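This briefing covers the overall fold, one helix and its surroundings, and backbone angles in the loops. Please look over the structure before reading on.

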Amino acid sequence: MRTMTKTASRDLRNPILQIHHLSKSFGNHEVLRDIDFTVYKGDVISIIGSSGSGKSTLLRCVNLLETPTRGEILFQAQNILHQGMDVPAYRAKVGMVFQSFNLFSNMTVLRNCEVGQEKVLKRGRDKARENALKYLRKVGMSPYINAYPRQLSGGQKQRVAIARALAMEPEVLLFDEPTSALDPEMVGEVLEVMKTLARDGITMIVVTHEMAFARDVSNHVVFMADGVICEQSDPERLFTSPKNKRTQDFLSRFIQQ
């Protein structure tokens, strides 16, 4: 049973990110091999697969936290791997939400959401505050603007981390297993925020073990195993009639009979 309306069909006229023949090795160990996929405006792409399949490394390469060994990443047709790329400016446009929150422990919730805008986007304090408050309200965290991260639950920290990323007004938002560090009762509140973002048309790439989210919210699903993309398609097709044997085996316990 679908729980929400899917995002619109992929608008093939507006590619934001194009990943071509991407590979990543650590020494002699090849973690990613010949990765190809494209992200269009308004996409909600879920990347699924077993632990160790290369999903998080792929996301870290897209955000330039890791440097790919080979291949291209095109952001609005510009290869971001070329020397001289303004990495902070790029990361402002392709934001990331980490599984471990990565909030500044010595800053309030509000300040956490202001500082990146001031330093990277060169926004004035008043504008940064206005924007921070806007997105903290959006994720339900405006009552906590004067709290410090140590005073928050895991779910609240993750909602602040999402607000901080949104305050930069990125064109793409990356989520690296955003619920994996949360207690089970806190997972739902973060997924609800992400569902709202999907309804609002935010372009997202989500590495997740939440199969219901991948099935019900995404408009495109990528299945990875052993550093390669085994299969990718719309969720209806991938979850009900996967073609690859490894995809079938992985999904067998989630597919409704």
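The points below go from the whole chain to single residues.

The model is predicted. Its chain contains 9 helices and 10 strands. With a radius of gyration of 18 Å, close to the 18 Å given by the globule rule for 257 residues, the chain is as compact as a globular protein of that length.

**Overall dimensions and packing**

- The C-alpha trace spans about 55 × 45 × 35 Å along the principal axes of the chain.
- Buried residues make up 54% of the 257 in the chain.
- When contacts between residues at least 6 apart in sequence are considered, 67% of them join residues at least 24 apart.

**Surface and charge**

- The chain has an accessible surface of about 12100 Å², and carbon and sulfur atoms account for 47% of that area.
- Side chains with a positive charge number 34 and those with a negative charge number 28.
- The centres of these two sets of charges are 3 Å apart.

**Helix α6 and its cover**

- Helix α6 runs over residues 184-199, a stretch of 16 residues.
- From first to last C-alpha, α6 reaches 24 Å, which is close to the 22 Å expected at 1.5 Å a residue.
- The buried residues of α6 are Met186, Val187, Val190, Leu191, Val193, Met194, Lys195, Leu197 and Ala198.
- The helices that help to cover these buried residues include α4 (125-138), α5 (154-167) and α7 (211-216).
- Strands also contribute to the cover of α6, among them β3 (44-48), β7 (172-176) and β8 (204-207).
- After α6 comes Gly201, which has a positive phi, near 85 degrees.

**Positive phi outside glycine**

- Most residues other than glycine have a negative phi, and most peptide bonds are trans.
- Leu64 is not a glycine, yet its phi is positive, at about 65 degrees.
- Leu64 sits in the loop that lies between α1 (55-62) and β4 (70-75).
- The relative accessible area of Leu64 is 15%, so Leu64 counts as buried, the cut-off being under 20%.
- Asp226, also not a glycine, has a positive phi of about 50 degrees.
- The loop that holds Asp226 connects the positions of two strands, lying between β9 (220-225) and β10 (228-233).

Definitions and conventions: Residues numbered from 1 in each chain as written. Predicted model: local features only at pLDDT ≥ 70, side-chain atom pairs only at ≥ 80, totals over all residues. Heavy atoms only, no water. Helix = DSSP H or I, 4+ residues; strand = E, 2+ residues; numbered from the N terminus. Rg over C-alpha atoms; globule rule 2.2 N^0.38 Å. Buried < 20%, exposed > 50% of the residue type's maximum accessible area, 1.4 Å probe, protein only. Contact = heavy atoms within 4.5 Å. Areas by Shrake-Rupley, 256 points an atom, 1.4 Å probe, with all protein chains shown as cover. Lys, Arg positive; Asp, Glu negative; His and termini not counted. Charge placed at Lys NZ, Arg CZ, Asp CG, Glu CD. Expected span 1.5 Å × (residues − 1).
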